[in-house]
Amino acid sequence: MKRALCLLALSLGLAHAQRAPAGVLTIRFLDVGQGDAILITSPEGKSVLYDGGRSESRMRELIRQYDVPSLDLIAASHGDADHITGLIPAAALFKPRFFLNNGVAATTQTWAKLTNILKLAGTQGLPARNQVLNLGSVRLTVLPPPAGMPAGDQNLNSVGLIVQYGSFRALLTGDSETEQTRAWLRTLPAGTLGPVDVYKSIHHGAANGDSAAWLAAVQPRNVVVSVGPNNYGHPTGTALNLYRKVGANVFRTDQQGTVTVTVQPGGAYRITTEKGAATPAPARPTPAPVVPAAPATVTYSNCAAVRAAGKSPLLRGQPGYSSKLDRDGDGRACE
């Protein structure tokens, strides 16, 4: 099957108030300054806010700008203020049913305010575990913190999320650091992480986040860096060089405002930015793995044969792929 087609388009000028269109998956990497906030809306209009940035007033502006009608779930990758503060007005306004989190209570006033609002809203806590959440026709695979992470370290207990719709895949991992990504690489089944079409840069492009080994598994085609004015040096040259080396296009919310990914049924997608010029897109060292729909010359009788051949998982379009081996129809057989 033809891989997702990436059309990089720039919408110059200010973004207009606009609700996510029906019938497509919309992922907005919201411009919240130095912080993370990602709004995911399914083709059926169901929405998740994964992190909320560090400003309540900014989140209220964004809710109005994008005409958000409701939230079915809010999620915190971890408990730091630049990820949870904007969840406070979102929780108060929408009273979501569930709050996905890492189960590690922060000790800050911001955390206390958020949890109090959630309690008043009747929202139920949903500690991250190995689970799949269905957001309409969009599949959300939760990546809980691996066992053995220091209990009091918020970054190392970040909750990851794989967003999947048709052949499209996106990966969000909060402020995970190298220790956590190494643990995920050791424990997650092969093929769980990548390749992904869109990847949210770890920890705003910090030097202690992404690594060559991690990105070799993730195989990002496009990277979004959620970042604003800061004294940390984010995004670091180390991170940006890593993204260039894997041939990924890089988008930055501090330069381009909110970055929006729109995914059609089947997985074709386009990326638009709110403002400014795009970061020059480096040429990929090798073409994206667009696999022609040539007749398969390899057949496998079952998944055991696939695994014995070292081909698991088989992606739709690869030789030997069969819908009979792809029980959940997500384009990844014998996962």
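**Helix H7, two nonpolar cores and some unusual loops**

In this predicted model, helix H7 spans residues 237-245, and its buried residues are Ala239, Leu240, Leu242 and Tyr243. These four residues lie on the same side of H7, because they cover an arc of only 155 degrees around the axis. This arrangement fits a general feature of the α-helix: with 3.6 residues a turn, residues three or four places apart point the same way. The cover over the buried residues of H7 includes helix H6 (212-218), together with strands E13 (220-225) and E14 (249-252). After H7 comes glycine 247, with a positive phi near 75 degrees.

Attention can now turn to the nonpolar interior. The largest nonpolar core is made of 32 residues, and Ile27, Ile40 and Leu100 are those with the most contacts inside it. Isoleucine 27 offers a good view of the surroundings: beyond its neighbours within four places in sequence, it is in contact with Ile38, Leu39, Ile40, Val163, Phe168, Ala170, Val259, Thr260 and Val261. Another core, of 25 residues, lies apart from the largest one, and Leu30, Val32, Ala76 and Leu114 are among its members. In soluble globular proteins, nonpolar side chains tend to be buried together.

A polar residue is also found out of reach of the surface. Serine 167 sits in the loop between strand E10 (160-165) and strand E11 (168-172). Its relative accessible area is 11%, below the 20% cut-off, so serine 167 counts as buried. The side chain of serine 167 comes to 2.9 Å from the backbone oxygen of glycine 266.

Several loops hold backbone features worth a closer look. Most residues other than glycine have a negative phi, and most peptide bonds are trans. Against this background, glycine 194 and proline 195 are joined by a cis peptide bond, with omega at about 5 degrees. Proline 195 belongs to the loop between helix H5 (178-187) and strand E12 (196-200). A cis peptide bond also links histidine 234 to proline 235, where omega is about -5 degrees. Proline 235 lies in the loop between E13 and H7, which leads back to the helix described at the start.

Positive phi values complete the picture. Aspartate 67, in the loop between helix H1 (56-65) and strand E5 (73-75), has a phi near 50 degrees, although it is not a glycine. With a relative accessibility of 35%, aspartate 67 is partly exposed. Lysine 95 likewise has a positive phi near 50 degrees, and its place is the loop between helix H3 (87-94) and strand E6 (98-101).

Note on methods: Residues numbered from 1 in each chain as written. Predicted model: local features only at pLDDT ≥ 70, side-chain atom pairs only at ≥ 80, totals over all residues. Heavy atoms only, no water. Buried < 20%, exposed > 50% of the residue type's maximum accessible area, 1.4 Å probe, protein only. Helix = DSSP H or I, 4+ residues; strand = E, 2+ residues; numbered from the N terminus. Arc of directions from axis to C-beta. Contact = heavy atoms within 4.5 Å. Core = buried A, V, L, I, M, F, W, Y, C linked by side-chain atoms within 4.5 Å. Polar contact = N/O pair within 3.5 Å; in protein donor to acceptor, adjacent residues only side chain to side chain.
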